[in-house]
Amino acid sequence: MPVILSKIVRRKIVVPSSQSVSVRFETKDLKPNHKHQTMSLDTTIRAVQKKLGVTVDGQPGPETWGAIHLAVVGKNPAPSASLDTIVRAVQKKLGAFEDGNPGPETWAAIHLAVVGKNAQDVKKGNDTPSLTGEGKPADSRSEGNIATLLPRVRPFARALIEKAANQGIIIKVTSGTRSFAEQDELFAQGRTKPGKRVSNARGGFSNHNFGIAFDVTIFKGSTDPEKAKTPVFESPVYKAIGALGTELGLEWGGNWKTIVDEPHFQLRPGWAADLRESDMLAELRERKDSGKDFFA
Ligand SMILES: [Zn+2]
């Protein structure tokens, strides 16, 4: 799938009038990578329509918007709702500019939400994606965290960093695997220990406890990843990173419905494709106890 990029100007996504959604990071001295194709608005709309099983004509009307509303907002629009109301509800839900007049930004967000979300469903029945080779070594901080991941997951983290770098975006893996004890410590914070609550999961109940999950942070301050030390925690660019990860076959936390977690990526084992997160974690705990391969 082509990469969706967005040009960020004062945190607002501006798209060229050619109606192609092309993306570029705010660092001006970095050139976008033209190897990646851009996706035309027509292609984006048709892909969304195809995914939703409505008429594929690139001309979204009430049928398409009703289906988008159901997919994005989680329920059918009220029978009396005007198209404008439906569009605005979708835009609001996606954090897109809420004007009832969907342009490339809204469509890129819809595409991510509708087509990206079910990347796992598309792969249903297939094995877990795998990458050959170790990938290009990343910056030292990332490598330290990548080393805590299962060998099978490491090339995915490096590939994601490299794909982002090709777009002029520096990301680092800032969190990898935590032991059950470390997870318990984290869970205690803000509960039985001082501090802000940072986790809702006890040891064994976070996907970070099994070597399959990692978090990334965007960094700026230099074009050299080793020297870029300024973290960027809030940025619409996380959505673009999410799309890159989804392309690789990773599951992206930004597509989760309950707790949206944009920095989070994980390699979901093939057997867990249709499982709820809690059921996957239960099976992982069992496999850990019995020494069984997590991906077999
Ligand atoms: Zn995470």
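Me: Happy to start somewhere specific: in which helix is Asp-184 found?
Reply: Keep in mind that this is a predicted model. Here the run covering residues 180-188 holds Asp-184, and that run is helix H8.

Me: Is Asp-184 buried, partly exposed or exposed?
Reply: Let's count neighbours: Asp-184 has 16 other C-beta atoms within 10 Å. A buried residue needs 20 or more, and an exposed one has 12 or fewer. The count of 16 falls in between, so Asp-184 is partly exposed.

Me: Which residues does Asp-184 contact, leaving aside neighbours within four places in sequence?
Reply: A useful spatial pointer is Gly-204, which is 20 residues from Asp-184 in sequence and 8.8 Å away, C-alpha to C-alpha. With neighbours within four places left aside, the contacts of Asp-184 are Arg-202 and Gly-203.

Me: Good, now a strand: which residues is Ser-175 in contact with, beyond four places in sequence?
Reply: Ser-175 belongs to strand S5, residues 170-175. Ser-175 is partly exposed, with 16 other C-beta atoms within 10 Å. Setting aside neighbours within four places, the contacts of Ser-175 are Asn-145, His-208, Phe-214 and Asp-215.

Me: And how far apart in space are Ser-175 and Pro-263, C-alpha to C-alpha?
Reply: Along the chain, Ser-175 and Pro-263 are 88 residues apart. In space, their C-alpha atoms are separated by 9.6 Å.

Me: Is Ile-218 buried or exposed?
Reply: Ile-218 sits in strand S6, which spans residues 213-220. The cut-off for this class is 20 or more other C-beta atoms within 10 Å. Ile-218 has 23 of them, so Ile-218 is buried.

Me: What does Ile-218 touch, not counting residues up to four places away?
Reply: Thr-174 is 44 residues from Ile-218 in sequence, with 9.6 Å between their C-alpha atoms. As for touching partners beyond four places, Ile-218 has Ile-169, Ile-170, Ile-171, Val-232, Ser-235, Val-237 and Tyr-238.

Me: Gly-245 caught my eye; is it buried or exposed?
Reply: Gly-245 is placed in helix H9, residues 237-248. Around Gly-245 there are 30 C-beta neighbours inside 10 Å, and 20 or more is what the class requires. Gly-245 therefore counts as buried.

Me: Which residues is Gly-245 in contact with, apart from those within four places?
Reply: Phe-265 is one to look at, since Gly-245 and Phe-265 are 20 residues apart in sequence and 7.3 Å apart in space, C-alpha to C-alpha. Leaving close sequence neighbours aside, Gly-245 is in contact with Leu-160, Leu-250, Trp-252 and Phe-265.

Me: Which residues touch the most other members of the largest nonpolar core?
Reply: In general, nonpolar side chains tend to be buried together in soluble globular proteins. The largest nonpolar core here has 54 residues. Those touching the most other members are Ile-110, Ala-157, Leu-160, Ile-171 and Ile-241.

Me: Which helix gives the most to this core?
Reply: The core draws at least three residues from each of domain 1 (5-123) and domain 2 (140-290). The helix that gives the most, with 8 residues, covers 104-116 and is H4.

Me: How many of the residues of H4 are buried?
Reply: H4 is mostly covered. Among its buried residues are Trp-107, Ile-110, His-111 and Leu-112. Of the 13 residues of H4, the number buried is 12.

Me: How are H3 and H4 oriented, roughly parallel or roughly perpendicular?
Reply: The axes of H3 (residues 83-94) and H4 come within 10 Å and cross at roughly 70 degrees. Angles of 65 to 115 degrees fall in one class, which means H3 and H4 are roughly perpendicular.

Me: How many nonpolar, polar and charged residues does the contact of H3 with H4 have?
Reply: On the H3 side are Val-90, Gln-91 and Leu-94, which meet Thr-106, Ala-109, Ile-110 and Ala-113 of H4. By class, that contact has 5 nonpolar, 2 polar and no charged residues.

Me: Last one: what percentage of the residues in the protein is buried?
Reply: The protein has 10 helices and 9 strands. Out of its 296 residues, the buried share is 39%.

Notes:
Residues are numbered from 1 along each chain as its sequence is written. This is a predicted model: local features need pLDDT of at least 70, side-chain atom pairs count only at pLDDT 80 or more; totals for chains, interfaces and linings use all residues. A nonpolar core is a set of buried Ala, Val, Leu, Ile, Met, Phe, Trp, Tyr and Cys residues joined through C-beta atoms within 7 Å. Helices (H or I, at least four residues) and strands (E, at least two) are DSSP runs, numbered from the N terminus. Domain bounds come from an automatic or database domain assignment. Two residues are in contact if their C-beta atoms, placed from the backbone, lie within 7 Å. Axes are lines fitted to C-alpha atoms, for helices over the stretch in contact, and angles run from 0 to 180 degrees between N-to-C directions. Angles under 35 degrees count as roughly parallel, over 145 as roughly antiparallel, 65 to 115 as roughly perpendicular and the rest as oblique. Ala, Val, Leu, Ile, Met, Phe, Trp, Tyr, Cys and Pro count as nonpolar, Asp, Glu, Lys and Arg as charged, and the others, Gly among them, as polar.
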